[in-house]
Each structure stands twice: as structure tokens, then as C-alpha cells.
Amino acid sequence: MNLFNKIFGDTSSKFIKDAEKTVIIINNFEKDISKLSDADFPKKTKEFKDRLEKGESLDDVLPEAFALVREAGKRCLNERLYDVQLIGALALHGGKIAEMKTGEGKTNVATPAVYLNALSSKGVHVITVNDYLARRDAVRMGQIYNFLGLTVGVINSQNVSYLYDASHVEEDKERDRIGEFKIVYDFLKPSTRREAYNADITYGTNHEYGFDYLRDNLSTSLNDLVQREHNFAIVDEVDSILIDEARTPLIISSASGDSEDFYVKFYQIAKQLKKDTDYLVDEKLKAITLTDEGITKAENLLGIQNIYTEKGIKYVHHLETAVKAQAIFEKDRDYVVKEGEVIIVDPFTGRLQPGRRWSEGIHQAIEAKEGVKIEKETRSSGSITFQNYFRFYKKLSGMTGTAETSAEEFLKVYNLDVIVIPTNRPVVRKDHPDLIFQTEKGKFQAIAKKVKELNEKGQPVLIGTISIEKNELLSVYLKQEGVHHVILNAKNHEKEGEIIAQAGKRGAVTIATNMAGRGIDIKLGGNPLVPEEYEFVKNAGGLFVLGTERHEARRIDNQLRGRSGRQGDPGETQFYVSLEDDLMRVFGSERIKTMMGRFGIPEDMPIENGFISRSLENAQAKIEGFHFDARKNTLEYDDVMNHQRKVIYERRQKMMRSDKEEIKNLLEQIVEGKENREKLEEIIEDKRLKLGDEAFFETVRRISLYTTDTLWMEHIEAMDYLRSSVNLRAYGQREPIVEYKKEGLFMFKEMEESFKDQVLSLVETINTESKINITTEVNEPKQTLVTTHKEIGEFKEEGKGDADKNAVGRNDPCPCGSGKKYKKCHGA
């Protein structure tokens, strides 16, 4: 803590000091509110809404509203919010990030802030990391909001949506017993997407909110829109969503054609190239460099003299992509092959990501490598980063157990302060120093012995690994020691939640990827609570969390540690590290490796060394800085696109409203500055009189939308090419981002001029005697998520979809109404 903080206090302590005064006022309402009948609660909600309409602010009704929610929680869940939980809720309402330790009841903490902000009737979005948690929280917390007279919606993937249904009272006891980890589906009734968004409170994942925004901006009618204004969002596991996934732009796309046989051809070449001779691998940057020998060998295999001059960038790109797929991407670590499909494994959570695809041809190259069907290539129709999407909200807040190590990024990118909320009870968990081994084999042997020892005394053990591959490997070692265990490979969120909830049972041994079951509370003795079992496990030392290696981000390690020692319970944590672990191998110091070898330490004998532990933490800090720069870089480039995106989407929204004045203004802007302006105005007026106002303005509206979407799609593609090529200009002492901004602006202005010319051209040639038809057959979009090889992800929707609603095929009738095919008319 620096001198400034010592004198004036840090952000957290100042906020908590002020919040404690507000908590006293909230507590003063408790006695009177406890006297209310159940029927009075919705009436109080109406009273608050009336007060807001008369000019009072949310802060004016806050103390009484928070007290009302606390009482509703007591009656519905038999859980009273602690004072520290109210401080957390005040942080959320204040547009801050509340860091709360695992087991402190973050889900409950959100309820007062959600309720208060929902009183404005502008909607509140609660954003979770997966569909399972969105459904679980909507069912469990929905009873509180329903009791208070508010509606709750849920948006899930595959276009599935629900509304909370309170009619199944017979299931209430079952929900109270198992609702923390199991969903009682009777409380969810299917609904339309728009109905779910129109509820007072909407639960869903970050991907679904982002994709719905992009889909709305590809719609052609107001009736197709599902989202309303972005009022207030609370992001659960905010570090995972706003940081870990912030390198992952959302991209909505349509199919552009069959993949060529290039992928198979270049895979055959890549497998004949040798590492360190034909190409070099940079594991830190996840990049490859072809050597002169490698290029010559590839040219000989292709039967050409010079790949650069004879075949150009396309062949070079395919060659590099095939080598990357061969050298950098490992089966069962980076991806798995399941039912003839290559499925990505999320590097942060260890979860399988069905539907997510690597971009830039990487995924197709891996499909060729694994001998499965090579999917079609795609073309982007719209994109946005999570950073820019979440900036749309008038107020944004979040909660997590691990935010403080990323406080600088939260403040710089999202303007969010991190408030560390005190625990309800002191943390008594023991965090043991890391044990360092020379080899991975020695480490796993030691882990198996330690787990057997703990298992024999009945102490539950949760083992965290970084990949599915390591899960399977460790399982073999435990079987050799005769230890019964459960493996979680992050394949099924719902089943995973039920298993992880029981990881605190007597003698339980659970192997899980680091983030499996995130959001689920592990209670000692099992869930639901059995007092005798709780006491036994507590006396045995509580839950022992054993990390099998350090993750690239310190937050993930802290998240794993935090699974133990909830609510003042005992617990222990320890990390077992080997010099062969990825973190140490790629980023560790050579001095450490030579030191261990010099002392002749056996491979299964650990050492505890402060120097090595510090080296590990330095490596983690280095990587975190590297990733922060990557995210900042992604954002800088997307900020350029964001300005252009706003211009395009605002024009689309005006056209969708079918407002005659807006369309007239658009036509005036288009003819402005043209040499033959008067003649053009006469032509437009003539067309309007012959067609009639309604038909004419509807035709112009459709032409405008069609032209906007076609040009925007081409512009996105051009900007992607510009971004991938602009980095080379650094060699000429020119800043890539400055070049990108300059050229991007020039290209955007060119696109806007093309828009004016094309709309004018189409309007001029409208056939006033023909029926105008510019819609084509539409297939449902298939959602796919895509990640670049640098882990700067892109989530894509593939297949013909909303992006194609305005698209005119070359053989379709031309939108101008001439009766000719588009390719023979304006598509020529």
C-alpha cells in the first residue's frame, strides 16, 4: 500500500465506510417491513414506481427498497442478507465491481440492486457465464422477484427463451432443497425472445446478448427486433466475461462457399516439414516462422519455383496455416475430436466449446489434419467486441471472487472501480506454499500419494487441472493408488453443477478442470446439509484444494483456492508445480532448471523455494501484461470500427422505422452536392408521383437497407484485410494503428459515396409498372463461435441467416423493378 492510500484510504475502504452508514438506515426499516403481509409486497413495488414517476430518484427509495428485498429473501428462501452483502449490493447499484470471496452469496447479493433498478421499468440484464447458471438463478431468484411483483425472463442459446412461471407451488419445497445446484424446470415456461427481453429482469449469457444485438441490426422490420434499450447490467463472474473473453469479438456471418481442397493438399505438405529445420515455433506468441529450407521443400512438393511470385499470398497463407495446425494446436489440449467434429477446448475454463471455430482458415486446417469433414468458409456480416458491447449500458457493474489483480484494466477499459467487500466471517483457510518438482511424472506420483493419504482420513479433495488431457493422466495415477474419484471434463454444465456441489462430502475426490462448476457452492459434508457429516468433514480439516499447476492468470489460481474455506469453514490449498509445466517451460528462468539439476534432487521429491515461487508469480504477471496489451490492441482497432458501426446501424434503425420524413432526409443528403441535382430531384419526384407515397417510400427504404448491408459486408471484409496487412508497416517506421485509422476512414468515406451512388442508381431505374420484390428465401442461422489462433477470438454465426434477408442473389429479380435478373442489371 503506498503512502497516499495510507493517509487518505484506498477506494474500497472509503466506499465501505460510506456504505456502512447507508446499511444502518436500511436496517432501521427492517422492523416495520417485517410486519407487512405477503400481499403488501407487490403494493410496495407499485408505490416505489409511483414515487419514481413523481420525480424521486432511485437513491431516494434505496434504503426502503433494499429492506423490502431482504425481507422477501427471508420469506422465500429463508435467507437474510448480511450487512456485508448489502454493502456488496450498494457497490453493484453504484456501478462498481464487488469482489466477494467464494461462498459469500454473490447470487443473493445481486437481488437488491437488480430489484431497485428494475423499478425504472427500463429493464435489467443479469449476465452469466453459461446457460445453466442463467436458468438456475432465474428459477431460484425468480421467486423473490415474483413475490415483489416483477417479471423475470431467460435467454438461452439456440434461440430458446423462458419466462418465470410461479404457478407450480407444489414444487416449491423441492426447489428450496436442491435449487442451489439443480434446476426445477416447472418454473420456466417457453416464451418468445422479445417477451423475455420485455420482462423487468432478464437472465442470459454474454454471447446471447451480443448476438441478439448484431441480429437486431440485420433485421429489416421493427417487428423483428428483440432487444430494448441497454439500461443496467450486472455481470456475474465479471473477470471471466469482461477480461478472459474480451479478446473474443462476436462476429455474425453467412456461408460464402465450399472449402477448397487446398486444406488437404497443404496438410500433406505440412506433415513432411520438420520442426527447427523447416520451421521455428515461438510458444510464447503461438506463432511459426518458415525457414528458407522449409520454403524450398514446400516449393519442391508443390512443383513450383517461387511460391511468392508464382502463386501469391493465398498459397503462402495456406502453407503457414497448415504448419500452425500441425505445430501449435494439440489434440486433447486445444481441441478434441468428437463425432467427426473438431471442438475447441476453452483455454481458461477447460470447457468444450461446441460451435466455436478458429478463424483465418485455422479450423479448416485442423479438420484436414484430423481427417474429418472440412466445413464451409464464411463471410462476416457484422461484428463487435465485448468491450464495446458492454459500453452501451448506461450503468454497468459486476461481481466475482477475483477482480483485484485486474483492477487497473477494469478502470482503464470500462471505468469500473473494484470494491473488495469484507467477508461475513474471517477466512481461516490455510494456503500452503507451492511444492516444486523436477518432472511432471514425479509431480503426479506425489499428488497421487498425497490424495490417498487425505482420502484415508476422510478429508474431501478437489483437484484442479488445466486441461482434459491432464485430467485423464492424473486419473491413471490415482487408480494405481486405489483411490476412487470422479472426473469432471467440463462437458455438461448442468450435470457438472450437481457433481461439484457434492465435492465436499466425506472422502470425496473430484478431479476437475480449473473452472468446472464455477458458480456452484461447495458445502462441507455435501448439499443439502447433513449436520453430522458437516462436523466430521470440518474436524478432518475441511476441503483440500490441490492445484496441479499454475495457470497463466493469477485470478484463475485464486478462483481455485477460493473453492475452499467458505463462510469461515476450515480448508487447505496447495499447488504442485513441475519444471515441465507449460508456464515454467515457456516463461520460466533457465537458472531454475540448472539449479534443480545441479542439486541432484530426485524427480518425485519436492522443494519449497521462495525464489522459484517468486519466479512463477513474475511469469504470471508477465503473461497477464502480455494479454492485457493484446486486449487493449483488439479494443483500439475495434474502436475505429465502432464509430463506423454506429453510423451504419443508426441509418438502418431510421430506415426500419419507415418514417417518411427520415427517408426524405436521406434522399436529400444523397442528391446534395451532385452536379445534376435538379434533374435527380425531378426524377425522384416523378417516381414518387407515379408509384404513390406509400409504395415509393417503402421501395426506397428497402433499397437503402439492401445497399447498406451489401456494402457493409464488403467493408468489414476490406477492414479485416487491412488489419492483417497493416502490421507490416511497422517495418517502415509507421504506427500500424495510425495507418489503420487513416486508411479505415478513407475506405469508410468511399463506402458512403458508393452507398449514395448505388441508391440513386437503383431509385432512378425503378420500374413504376412492375411489382417490386427484394426479399429472398431465408434459412435459419446456425450459430458458431470462432477464435483466432492468437486466442483473439471471434464468435461467428454461420449459414444463411438474418444477414441474408436483404441479400439479392445474382439470379434474383433486380431490386430496381426492371424485371431483369440482378446480374444483367445493377449487378453487372
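In this predicted model, the loop between α4 (58-77) and α5 (83-93) contains Asn78. Asn78 is not a glycine, yet its phi is positive, at about 60 degrees. Its relative accessibility is 69%, and Asn78 therefore counts as exposed, since the cut-off for that class is over 50%.

A second loop residue can be described in the same terms. Gln733 is placed in the loop between α29 (693-726) and α30. Gln733, also not a glycine, has a positive phi of about 60 degrees. With a relative accessible area of 73%, Gln733 is exposed.

The helix that follows this loop in the numbering, α30 (residues 736-764), packs with helix α28 (residues 677-691). The axes of the two helices are 10 Å apart and enclose an angle of about 50 degrees. The arrangement of α28 and α30 is therefore oblique, and their crossing is left-handed. On the α28 side, the contact is made by Leu680, Ile683, Ile684 and Lys687; on the α30 side, by Leu760, Val763 and Glu764. By character, five of these residues are nonpolar and two are charged, while none is polar. The spacing along each helix may be read against a general rule: an α-helix has 3.6 residues a turn, so residues three or four places apart point the same way.

Asn156 presents a contrasting environment. This residue lies in the loop between β3 (152-155) and β4 (161-164). Its relative accessibility is 2%, so Asn156 counts as buried, the cut-off being under 20%. The side chain of Asn156 is joined to that of Arg135 by a polar contact of 2.7 Å. When neighbours within four places in sequence are set aside, Asn156 is in contact with Asp131, Ala134, Arg135, Tyr162, Arg193 and Glu208.

Burial can also be followed over a whole helix. Helix α16 (residues 362-370) is mostly covered, with eight of its nine residues buried. The buried residues are Ile362, His363, Gln364, Ala365, Ile366, Glu367, Ala368 and Lys369. Both helices and strands take part in covering them: among the covering elements are α12 (262-270) and α15 (313-327), together with the strands β11 (335-338), β12 (341-345), β14 (356-358) and β15 (377-384). Just after α16 comes Gly371, which takes a positive phi of about 70 degrees.

Methods: Residues numbered from 1 in each chain as written. Predicted model: local features only at pLDDT ≥ 70, side-chain atom pairs only at ≥ 80, totals over all residues. Heavy atoms only, no water. Axes fitted to C-alpha atoms, helices over the stretch in contact; angles between N-to-C directions. Helix = DSSP H or I, 4+ residues; strand = E, 2+ residues; numbered from the N terminus. Parallel < 35°, antiparallel > 145°, perpendicular 65-115°, else oblique. Left-handed = near helix turned anticlockwise from the far one by under 90°. Contact = heavy atoms within 4.5 Å. Nonpolar A, V, L, I, M, F, W, Y, C, P; charged D, E, K, R; others polar. Buried < 20%, exposed > 50% of the residue type's maximum accessible area, 1.4 Å probe, protein only. Polar contact = N/O pair within 3.5 Å; in protein donor to acceptor, adjacent residues only side chain to side chain.
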